[in-house]
Amino acid sequence: MSLPHVRSKLVLLGAAIAFSAPALAAQSQAPRRALLPIDFTQSAEHGWLAKPVLARRVLDDHTRPGTWTLSGAGKLTALPAPVLGDMRALRVDMRLNRAPDLPERPRLPAVNLRRAIANEDWTAYNRLVIWLRPDFTGMPVLPLQLVMHNDGAIKVPDRYNREGTHVISLARPGWQAVMWEIDPLARDRVTRLEIGYFVNKMLAAPDDRVAFEIGAIELQRVDPDVHTGWTIGGGKLAFSHSGYAPQSNKSALASALRDSTFDVVRVGDNAFGESVLRKPVRTLRTPTGTFQQLDFSELREPGRYVLRTSQGLTRPFAIHDTVWHPSVWKSLNFYYGNRCGFDVPGVHGIDHLDWFATLGTQRLTMSGGWHDAGDLSQGVINTGEGAYAMFALAERLAAQGGSAALVERLIEEATWGLDWVLRVRFDGGYRVGFGPHNFWSNNIAGDADDRLVEAKNNPNANYIAAAAGAIASRVLRGRDPVRAAEALRIARDDWNHAIVGIEGPSTWHTPAFAASRMELAAIGITASLELWRATNEARYRDKAVELARVVTASQQVTRVGSTFPLSGFFYTGPDRDTIFHQFHRAADQAPIVALGQLVELLPQHAEWMNWYATIVRYAEYQKRSAQNTAPYEVLPAYVYRVVDSVQVPDSGGRYMEKQSEYAEQVRAGTAMGEGWYLRTFPVWFQRRGNYGVLLSQAKALSAASRLRGDQVGFELATRQAEWVVGRNPFSQSTLYGEGYDWAQQYSVSSGDMVGTLPVGMQSRGSSDLPYWPSQNMYVYKEVWVHSNNRWLWLMEDLMSGVRPSEHFTLADTTSANGVITLRLTLRAEPGAAGQRSRQVTLQADNLTLRGPATQTVTLRGDEPVVLTWTAQRRDARAPWVAVVRDGATGQRADRYRP
């Protein structure tokens, strides 16, 4: 089902098209490998097959002609003979666009098949089962869209056309029973069932064929999967399907477990298993409900284990230092399968050579890099961020002596993305930040299915490209000096344009990629520091310091809220009139990663403490706010105010916003007092899915925790990855092919691939409760490069760990009159001999020190030494931060008090 190979398809447009022959040669010579196999026995769909059917009703057996009507580019017929025994079926044959006889306006052929239903009450049933058989060639997958209409008090589909719509992708021939659990949907007055499809290929090849057949349709009642709220159902345990690092905290959660104890059983090397731990089950009463916690943190022996209770066993999980490695390999499989301009076995040949970036009369093929999502879009923001994350992870692993094979694979995939970043650009800083695309083209330049994207001069896109090029120049310098030098040359040019660029509607390809002033400054810091590391030129360092002032001035320093006070979150700029919020794509990591890089690279700078304090305040804000979602400890999205609803374009906006709904969603969050609210999920409208936000915030916390040597913060960052792979109310991994009960995602162009991450968990309506229905619909279940970008960047930290110092610890006490005493305990490092003198300095934010900041100490053997400072808080409304540094060893320890 691959697309025809490019050699028979490419036609050039002469001088009007600037096409890179070396780039095409690199594409054809890159190593080819099969995609990782999908073990469907571990999928949610496999589990659905095994559910006992408690009641059933045949909705349509196709014995009554005329119940279905078809519109669009297709023909509906009844199969002349029964199939699968006595099952009758209908067939839809698509009418494809073929040259030279083309429609007046070539577009994607589409059909809609409808069956009227006479206001039926389906509340006694909660599953719809449809037998389907695909019959197609010329495309990787055939996606069908099922739509249920309800005309009761609650309308289905909803106004966003998300609820009540379910997309299933059929990749293999043969009859298949497609199951859709409709438990969360209103179905008291069902009026219509639809099956829709569009061929995402505008011009068909001669041997392309598309048809599908529909067999019996049945309503069923089953015990449904949990889809809404915090409660874990079905007697399941919520745990990390990927497993746990030996030194990390380890726990599973339940909602209705009757046991007082549980066992941990080692499996795989003993016929009967080996019980290695028995512990009490602990009851937790939290803001999200009452739960049972099964904590086995003391178990550190590597191996494969299950948890055993009277309700049964969990499926196996690992305890190992490399517990996150498989998810990285699988993510790389997704990037590989999502390559554009590459012959991916079983998916497509070299593609989209007739898709062009343009600037005036200049053209460059867009082919290359990675397709963006469930569609086939592409752009430098996603591709640049992906390449940067891969290079960063590879560099960290190599420095720590990690898996050489994984390092090589990361660099290979990162270089694929880098080559696109280096090639698809025009003089003057003009790039394609994002180019939409939603069909397979025929690679023939100059005909009806060509697509053009106008390049724009956007500073966000240029900063991201500069950062990717600069880190690539460092990582590749010893292995590919020619490519490294070219990457650095282009990164310099991108940076020159970024620092004077205009961020706004005139330079956006889509508002979804807009960057606030604070966010843009933070992204610019990282790009500037990467170039400073690559060149040692002061102008890059100085620009990073300048931009850091924008970031630090954009933070909420004083506490807000009276019942759940918080500080440390960000605004969109130093004026601090608009709270920084995202709801879809996000870069919440940007300010913390950037300031952390400054802290590490410029330890003697006069503004160092301001950077460090900003990091600490944000990390502690995250730790405090996560108490509101215990015991999952998933990071809440943002702080909100009802009064900010006036900033929303009331109805008719890009995402169908409404001011009243904004206010309703804000109030559904946790009231902090004084008009402030904390929401677990963003305020959002048509587009929902929070992995971009969650994983960006997790990266911020992991980076801050490694910088601070903060084990508690690092464990919290780890909880976010565990949430994604099963430690959630649905006991479901959402990383496709990793762990258990992962369900099909919205990958309607390229089909299912091991390693895909969706846009992410959502909330329903105006509520602030987790919602993860079985229905498959964009954007929340759409596969997305952005989510995988953030996953890999998070892994840079989680695969490295954090090492709190046991020889350099800081404590504090506060007297009744407000005097703060800070005590540093020092011990000589193991193996140190003789006497050693050190100078130790305390720096503080919102504290006035009494006495000198720097003290000299002499360590003798392993005898501990205690140094003391006293101070007074300056602003009672704001937290204070203190950090002690040893100038000789670089050791640090900090304290924070709200």
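**A friendly note on rings and charges**

1. A good place to begin is Tyr621, which counts as buried at 5% relative accessibility. Buried here means under 20% relative accessible area, exposed means over 50% and partly exposed is in between, using a 1.4 Å probe and protein chains only. The model is predicted, so local features need pLDDT of at least 70 and side-chain atom pairs count only at pLDDT 80 or more, while totals for chains, interfaces and linings use all residues. Residues are numbered from 1 along each chain as its sequence is written, and side-chain values use heavy atoms, leaving out hydrogens and water.

2. Next, the aromatic pairs. Rings of Phe, Tyr and Trp (its six-membered ring) pair if their centres lie within 6.5 Å; planes under 30 degrees apart are called stacked, over 60 edge-to-face, and the rest tilted. That rule gives 32 aromatic pairs. In one of them, Tyr335 and Trp370, the ring centres are 5.1 Å apart and the planes stand at 65°, so this pair is edge-to-face. Tyr335 belongs to helix 3 (residues 325–337) and Trp370 to the loop between strand 22 (362–365) and helix 4 (380–399), so the pair ties together parts 35 residues apart in sequence. Helices (H or I, at least four residues) and strands (E, at least two) are DSSP runs, numbered from the N terminus. Tyr335 is buried, at 0% relative accessible area, and Trp370 is buried too, at 1%.

3. Back to Tyr621: its ring centre and that of Phe569 are 5.9 Å apart with planes at 55°, so the pair is tilted. Phe569 sits in the loop between helix 9 (538–552) and helix 10 (590–601), and Tyr621 in helix 11 (residues 608–625), 52 residues away. Phe569 is also buried, at 3% relative accessibility. Both residues join a cluster linked by ring pairs, with Phe570, Tyr571, Tyr618 and Trp676.

4. Which ring does the charged end of Arg624 sit over? Phe564 is the partner, with its ring centre 4.0 Å away. The test asks for NZ of Lys or CZ of Arg within 6 Å of the ring centre and within 35 degrees of the ring normal.

5. Now the salt bridges (a side-chain nitrogen of Lys or Arg within 4 Å of a carboxyl oxygen of Asp or Glu). The whole structure holds 65 of them. Glu194 and Arg114 form one, at 3.5 Å from N to O. Glu194 is in strand 11 and Arg114 in strand 5 (residues 110–120), so parts 80 residues apart in sequence are tied together. Glu194 is buried at 8%, whereas Arg114 is partly exposed at 38%.

6. Two further salt bridges are worth a look. Arg838 meets Asp886, with the closest N and O atoms 3.1 Å apart; Arg838 is buried at 4% and Asp886 at 1%. Glu486 and Arg489 pair at 2.8 Å, and both lie in helix 7 (residues 481–498), three residues apart, about one turn of the helix.

7. Finally, Arg187, in the loop between strand 10 (176–181) and strand 11 (190–198). Arg187 is buried yet has no salt bridge; the nearest side chain of opposite charge, Asp183, is 4.0 Å away. Lys and Arg count as positive, Asp and Glu as negative, with His and the chain ends not counted. The Arg187 side chain does reach the backbone oxygen of Ile182 at 3.1 Å and that of Asp183 at 3.1 Å.

Technical notes:
Polar contact = N/O pair within 3.5 Å; in protein donor to acceptor, adjacent residues only side chain to side chain.
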